[in-house]
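Here is a friendly walk through the empty spaces and a surface feature of one protein chain. Have the structure open beside you as you read.

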Amino acid sequence: MTDTRQIPLYRTIWRWHFYAGLFVIPFILVLSVTGAAYLFKPQIDRWEERAWRGLPAADAVDADAQVAAALAANKGAAFHYYRIPEARGDAAVVHLGLPGGAMRDVAVSPQGRVIGSADPDARWSAWLARLHGSLLVGRSGKLLVELAASWAIVMILTGLYLWWPRGRGLAGVVWPRLSLGGRAALRDLHAVTGFWVSGFALVLLFTALPWTDVWASGFRAVRAEMGWVSGVQDWKGGADPHAAHDHHAMAAAPPPGHASRAPLEYIVMRARAEHMPAPAIIQPPGAPNLFGPPNGNTWTLTTLTQNRPLVRKVSYDPETSLEVSRSGFADKHVIDRAVGYGIAWHEGQLFGLANQLVGVATALALFTLAISGFLMWRRRKPDDALGAPPLPRDPARLKGVAAIVLLLAAFLPLLAASLILLWIVDRLILPRLPRAARWLGVARV
C-alpha cells in the first residue's frame with residue numbers, strides 16, 4: 001500500500017495541521033480550562049453568595065425599604081436594578097452605580113439590613129470570563145484569542161483529513177490501540193480523540209465568533225446591511241459600544257430621570273406571577289441597560305439567565321404599575337435567535353447540567369489533543385530544526401487546498417490577515433535568512 005505521507009496533498013495538509021496545532025496549543029490549554037470552569041458560573045456565583053441565602057424571613061420589609069437601605073449605605077449611588085430573591089429567606093441584591101464609576105451588588109436581608117456587597121468585576125466568574133475572552137490583556141488579548149480560534153478551525157479540519165481511514169479498519173480510527181504503546185499509541189490517542197471531539201469543538205468555535213472583535217464587527221455590519229436587525233444586539237462582541245456589558249459605562253450613566261409613583265413592591269408582586277427564570281431583575285425607569293440604550297419610562301422586568309431562549313421582558317407603567325408591553329425570544333430576528341441558542345450552548349446553559357457535562361467533556365478532549373500533539377512533536381523533533389513535515393516537491397496538484405484555505409480566509413478575517421503576513425515572511429524575509437528557513441522546514445525535499 002502506498003504511504004499516504006508521500007502524496008503531495010497529504011503532506012501539504014499535514015504541514016498546515018502541524019503549524020496550526022503548534023500555534024494554538026497554548027491557547028487551547030488556557031481556553032479549555034477556563035471555559036470548563038466558566039460553564040459552572042451559576043454554581044460559582046451561588047457559592048460566592050452563600051452567606052446571602054437561607055436567612056430568617058420573619059419581620060420582612062418591602063422591596064422599596066431594601067433599596068433605600070442599599071442607597072443609604074452607599075451615598076450618591078444610582079439605583080440600576082433590584083434582583084428578586086429566589087427563596088423567601090434569601091437576601092435581595094440591589095445593583096448600584098457608585099459615584100466613582102465602580103459598580104456594587106449590595107445584599108439586603110429580608111429585614112432591610114445591608115449584610116454584604118460585592119464588586120461585579122471582582123467575582124470569580126467575571127475573572128474567568130476576562131481570562132477566557134481576552135487573556136486579561138484587553139483588546140490585544142481578545143484579538144489573539146480570535147486569531148487562535150480561527151487557526152483552531154483550520155487545525156480541526158486538516159486533522160479530520162489526516163484521520164480519514166483510507167481503507168483501514170476501525171482500530172486506531174474509532175478507538176485507540178493503546179496496547180501498542182509508545183508512539184503508535186500516542187498517535188492513536190491523538191487521532192481518535194480528535195475525531196470524536198471535532199464536531200463539538202467546531203460548534204464551540206463557531207458559537208464563540210459573535211463574541212469576538214473583528215469577526216463580530218463584520219457580522220454586525222452584514223446584519224445591518226441585510227436588514228437582519230430586530231431590536232438591540234444583546235451579546236457582547238465587535239466594536240459597538242452598546243454590544244458589550246460595560247460596567248463602567250453603566251456606572252457613569254446619569255441617574256434615572258423619570259420619577260415613579262408606583263412603588264417597587266407593586267412591581268415585585270406582579271413580577272412573581274411571571275415566574276421569570278433566576279436571576280430575575282427589575283429596572284427602574286431611566287436606568288441603564290446591560291445592552292443598548294437606557295431603560296425607557298417604565299419599570300422593566302427581565303432575567304439575567306444565560307439560557308437565552310428563556311429571556312423575556314415585561315414593562316410596567318410607572319404610575320399605575322400595570323403592564324404596558326412584553327417581548328420575548330420569539331420576537332427576535334431568526335439570526336439573533338440562532339446566535340442566542342449558540343451562546344446558551346457555548347456557556348453550558350441550554351440543557352442545564354447535561355449541557356455543562358458535555359462542555360466539560362469537550363474541554364477535556366481538547367486538552368488531551370493539545371498535550372498529545374505536543375508530546376508527538378517533541379518525540380519526532382530533531383535537535384536542530386522545528387520538525388515540520390517536509391514540503392512536497394510538486395505542489396502543482398494543490399489548488400484544492402489553496403481554494404479551501406481561501407474560502408476559510410474569506411469567512412475569518414484574522415485568518416486572512418495572518419495568511420498575508422505568512423506569505424510576506426515566506427516570500428520576502430525567509431529567502432534572506434537561510435538558516436531560519438532550514439530550521440522552520442521551508443526547504444523542499
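This report starts with the chain as a whole, then turns to its cavities, a pocket, a surface patch and two single residues.

**The chain as a whole**

Please keep in mind that the model is predicted. The chain has 445 residues, and 47% of them count as buried. Its secondary structure comes to 14 helices and eight strands. Taken along the principal axes, the C-alpha atoms fill a box of roughly 80 × 50 × 40 Å.

**Spaces inside**

Rolling a probe the size of a water molecule over the atoms shows where empty space is left. In this structure, three cavities of 30 Å³ or more turn up. The table sets out two of them together with the second largest pocket.

| Space | Volume | Nonpolar lining residues | Polar lining residues | Charged lining residues |
|---|---|---|---|---|
| Largest cavity | about 80 Å³ | six | no | five |
| Second largest cavity | about 50 Å³ | five | four | no |
| Second largest pocket | about 1400 Å³ | 27 | two | four |

Which residues surround the largest cavity? Its lining is made up of Glu 49, Trp 52, Arg 53, Arg 83, Ile 84, Pro 85, Glu 86, Asp 90, Ala 91, Ala 92 and Val 93. By class, six of these residues are nonpolar and five are charged, with no polar residue in the lining.

The second largest cavity has another set of neighbours: Leu 39, Phe 200, Leu 204, Trp 345, His 346, Asn 355, Val 358, Gly 359 and Thr 362. Here the lining holds five nonpolar and four polar residues, and no charged ones. Three helices each supply at least two lining residues, namely H6 (182-208), H10 (334-346) and H11 (353-380). Of these, H11 provides the largest share, with four residues.

**The second largest pocket and helix H13**

The second largest pocket holds about 1400 Å³. Its lining counts 33 residues, and those nearest the centre are Trp 16, Leu 419, Leu 422, Trp 423 and Asp 426. Two or more lining residues come from each of the helices H1 (8-38), H5 (138-163), H12 (399-411) and H13. Which helix gives the most? That is H13, with ten residues. The lining includes 27 nonpolar residues, alongside two polar and four charged.

Trp 423 also belongs to a nonpolar patch on the surface, where it is joined by Ile 420, Ile 424, Leu 428, Ile 429 and Leu 433. Together, the residues of this patch have about 570 Å² of accessible area. One of them, Ile 424, sits in helix H13, which spans residues 413-429. Is Ile 424 buried or partly exposed? Ile 424 counts as partly exposed because its relative accessibility is 33%, and that class lies between the buried limit of 20% and the exposed limit of 50%.

**Two more partly exposed residues**

Gly 218 lies in helix H7, residues 214-226. With a relative accessibility of 35%, Gly 218 counts as partly exposed. Gly 218 and Leu 415 are 197 residues apart in sequence, while their C-alpha atoms are 14 Å apart in space.

Tyr 341 is found in helix H10, one of the helices that help line the second largest cavity. Tyr 341 is partly exposed, as its relative accessible area is 42%. Leu 353 is twelve residues from Tyr 341 along the chain, and 16 Å separates the C-alpha atoms of the pair.

Key: Residues numbered from 1 in each chain as written. Predicted model: local features only at pLDDT ≥ 70, side-chain atom pairs only at ≥ 80, totals over all residues. Heavy atoms only, no water. Patch = residues over 30% accessible without salt bridge, like charges linked within 9 Å, V, L, I, M, F, W, Y side chains within 5 Å. Areas by Shrake-Rupley, 256 points an atom, 1.4 Å probe, with all protein chains shown as cover. Salt bridge = Lys/Arg side-chain N within 4 Å of Asp/Glu carboxyl O. Buried < 20%, exposed > 50% of the residue type's maximum accessible area, 1.4 Å probe, protein only. 1 Å grid on protein atoms, 1.4 Å probe; cavity = no way out; pocket = protein on both sides within 12 Å on 5 of 7 lines; lining within 4 Å. Points joined across faces, edges and corners; volume = space filled by probe spheres on them. Nonpolar A, V, L, I, M, F, W, Y, C, P; charged D, E, K, R; others polar.
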